[in-house]
Amino acid sequence: MDKPILMGAVLYNPKVSVIWDIISAFFQDNGCPIDTVFYTNYELQVEALLKGHIDIAWNSPLAWLDAQRQSGSTCRAIAMRDTDRERVSYLITKTQGRIKTVEDLRGKTVAVGAKDSPQATLIPLGLLQRQGLQPGKDVQVRRFDLMVGKHGDHIGGELEAFKCLASGEADASALVDLNWQTWTQDGTINPGEYAILATTAPFDHCCFTVRADFPPEREQQFLRVLFSMHYDNPKHREMMDLEGLKAWVPGRTSGYGLLHEAVEKQHFFAGTTP
Amino acid sequence: MNMERYTWTLRVSTACKDRATVFVRQHQFPVGAPVQFDAAYDAITALEYVLGAIGADVVNGFRALARKRRVEVDHVEAVIEGALNNPLTYLGVVGESGHPGLEQVSVKVYVASLAAEAEIQRVWQEMLDKSPLVRTFQPAIRFELSLQVVL
């Protein structure tokens with residue numbers, strides 16, 4: 001039997017382990033066994049990747065940047081979901097309120113997710129910075145630090161931020177486009193009462209990350225099986241629906257520039273050693 | 001205690017991935033994984049059997065005592081909810097703390113009866129005193145019991 005590839009993943013809910021069980025079974029059945037190692041946060045997972053405890057990490061975009069920062073930019077993003085590409089985040093506000101432009105937020109309060117959430121905090125605050133508003137100075141920030149370390153995988157922070165807007169304690173809140181779509185459809189957000197005030201530039205989300213020394217033949221073996229999943233195959237669809245994708249696509253790093261800019265401007269990694 | 005120690009003996013055996021068979025007297029039943037998080041999992045887990053056993057102990061114990069005390073009861077039903085201290089530790093999540101043991105069980109019992117409330121309460125208290133599983137879990141974990149009489 002081939003030595004299994006060691007895959008790292010961060011869990012915020014035990015139910016997520018079910019997805020990884022299905023993925024592992026699929027890889028096993030296709031001759032590429034993987035063993036999954038779960039981590040409580042991305043910092044531990046990045047450390048494990050760089051120390052060689054695992055071969056591949058299913059990384060958040062912030063964990064990708066952290067891995068690059070700590071490895072001297074030698075890691076590789078080898079695959080991602082189609083839905084990881086070209087995401088955007090929104091700043092939303094009440095349609096009946098006085099906020100009509102981003103500039104109107106000067107002196108007001110913006111509610112965001114956890115401090116390490118790319119989509120609900122770092123990138124939306126980066127949008128404010130791009131438009132000349134300094135968070136904490138020109139705009140008050142109400143942050144909802146739910147499950148810090150999970151990089152916003154858990155939607156709780158975004159939801160609390162929205163509730164803060166709804167209760168009138170904030171003038172705008174930040175959320176990723178997928179949550180806007182879901183919540184305006186399931187009744188969490190009444191689309192008649194709230195409107196998108198601003199949209200960030202597109203960015204990419206999670207990716208499978210490997211170290212520079214991950215053997216190319218192992219990588220090809222892994223990718224061959226991964227890319228053999230097809231949404232039109234009912235056996236594959238269950239997992240793909242759970243994981244929220246229609247296709248696995250090659251990894252790319254061009255979509256992480258926006259987060260990199262936000263992290264730099266907000267000194268996110270300041271005080272941590274590379 | 002002036003008696004010989006009475007014990008129960010079961011035999012449990014497994015020959016496949018996550019399915020055990022429990023042999024008890026002339027009966028047998030299958031048990032799945034210790035715990036599962038997949039709603040579509042096709043077996044009953046060990047944890048679910050424990051929670052089910054607590055509920056069965058309470059409703060059957062109540063019903064038997066009601067009959068003995070000649071309190072008329074139409075129906076008894078319980079809703080059991082259990083929570084582990086930290087289920088992520090069961091999955092071996094690196095960096096998690098706590099343990100995978102049961103931390104809290106809540107048992108809500110609904111009794112349909114036209115009997116006087118005081119009579120129902122007397123049966124309820126007696127059942128709690130005599131229940132092997134309630135007496136086992138109550139001192140060990142957060143164990144919440146409630147009774148609601150419905151007509």
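**Why is it called that? Packing and contacts in chains A and B**

Modeller: Let's start with two helices of chain A: the axes of α1(A) (residues 16-29) and α8(A) (residues 234-243) come within 10 Å and cross at roughly 140°. Keep in mind that this is a predicted model.

Colleague: Why are α1(A) and α8(A) called oblique to each other?

Modeller: Put the angle next to the limits. The crossing is at roughly 140°. Roughly antiparallel needs over 145 degrees, and roughly perpendicular covers 65 to 115. The angle falls in neither class, nor under 35 degrees, therefore α1(A) and α8(A) count as oblique.

Colleague: Is that crossing left-handed or right-handed?

Modeller: The crossing of α1(A) and α8(A) is left-handed. On the α1(A) side, Ile19(A), Ile22(A), Ile23(A) and Phe26(A) make the contact, and α8(A) brings Glu238(A), Met239(A), Leu242(A) and Glu243(A).

Colleague: How do those contact residues divide by class?

Modeller: There are 6 nonpolar, no polar and 2 charged residues where α1(A) meets α8(A). Glu counts as charged, while Ile, Phe, Met and Leu count as nonpolar.

Colleague: Now α3(A) and α9(A). What makes α3(A) and α9(A) roughly perpendicular?

Modeller: Their axes are 10 Å apart and the helices pack at an angle of about 70°. The perpendicular class runs from 65 to 115 degrees, and about 70° fits in there, so α3(A) and α9(A) are roughly perpendicular to each other.

Colleague: Which residues make that contact between α3(A) and α9(A)?

Modeller: α3(A) offers Pro61(A), Leu62(A) and Leu65(A), and α9(A) offers Leu259(A), His260(A) and Val263(A). By class, that's 5 nonpolar, 1 polar and no charged residues.

Colleague: What are the domains of chain A?

Modeller: The domain assignment gives domain 1 as 5-84 + 204-265 and domain 2 as 89-199 in chain A. Their C-alpha centres lie 27 Å apart. Still, 16 residues from domain 1 of chain A and 13 residues from domain 2 of chain A take part in the contact.

Colleague: Which helices each supply at least two residues of the domain 1 side in chain A?

Modeller: In chain A, α2 (42-50), α3 (61-71) and α9 (257-265) each do that on the side of domain 1 that touches domain 2. The largest share of that side, 6 residues, comes from α9(A). Sorted by class, that domain 1 side has 10 nonpolar, 3 polar and 3 charged residues.

Colleague: And how many residues are in contact between the two domains of chain B?

Modeller: Chain B is assigned domain 1 (8-44) and domain 2 (47-150), with 22 Å between their C-alpha centres. In the contact, 4 residues of domain 1 of chain B meet 5 residues of domain 2 of chain B. The domain 1 side of chain B has 4 nonpolar, no polar and no charged residues.

Colleague: How many residues does each of chain A and chain B put into their contact?

Modeller: Chain A puts in 11 residues and chain B 10 residues. On the chain A side, α1 and β2 (34-39) each supply at least two residues, and β2(A) gives the most, with 3 residues. By class, the chain A side holds 7 nonpolar, 3 polar and 1 charged residues.

Colleague: One last thing: how do you know whether Asp186(A) counts as buried or exposed?

Modeller: Asp186(A) lies in helix α6 (residues 177-186) of chain A. Count its C-beta neighbours inside 10 Å and you get 8. The cut-off for exposed is 12 or fewer, so Asp186(A) counts as exposed.

Key. Residues numbered from 1 in each chain as written. Chains lettered and ligands numbered in written order. Predicted model: local features only at pLDDT ≥ 70, side-chain atom pairs only at ≥ 80, totals over all residues. Axes fitted to C-alpha atoms, helices over the stretch in contact; angles between N-to-C directions. Helix = DSSP H or I, 4+ residues; strand = E, 2+ residues; numbered from the N terminus. Left-handed = near helix turned anticlockwise from the far one by under 90°. Contact = placed C-beta atoms within 7 Å. Domains from an automatic or database assignment. Buried ≥ 20, exposed ≤ 12 C-beta atoms within 10 Å, placed from the backbone.
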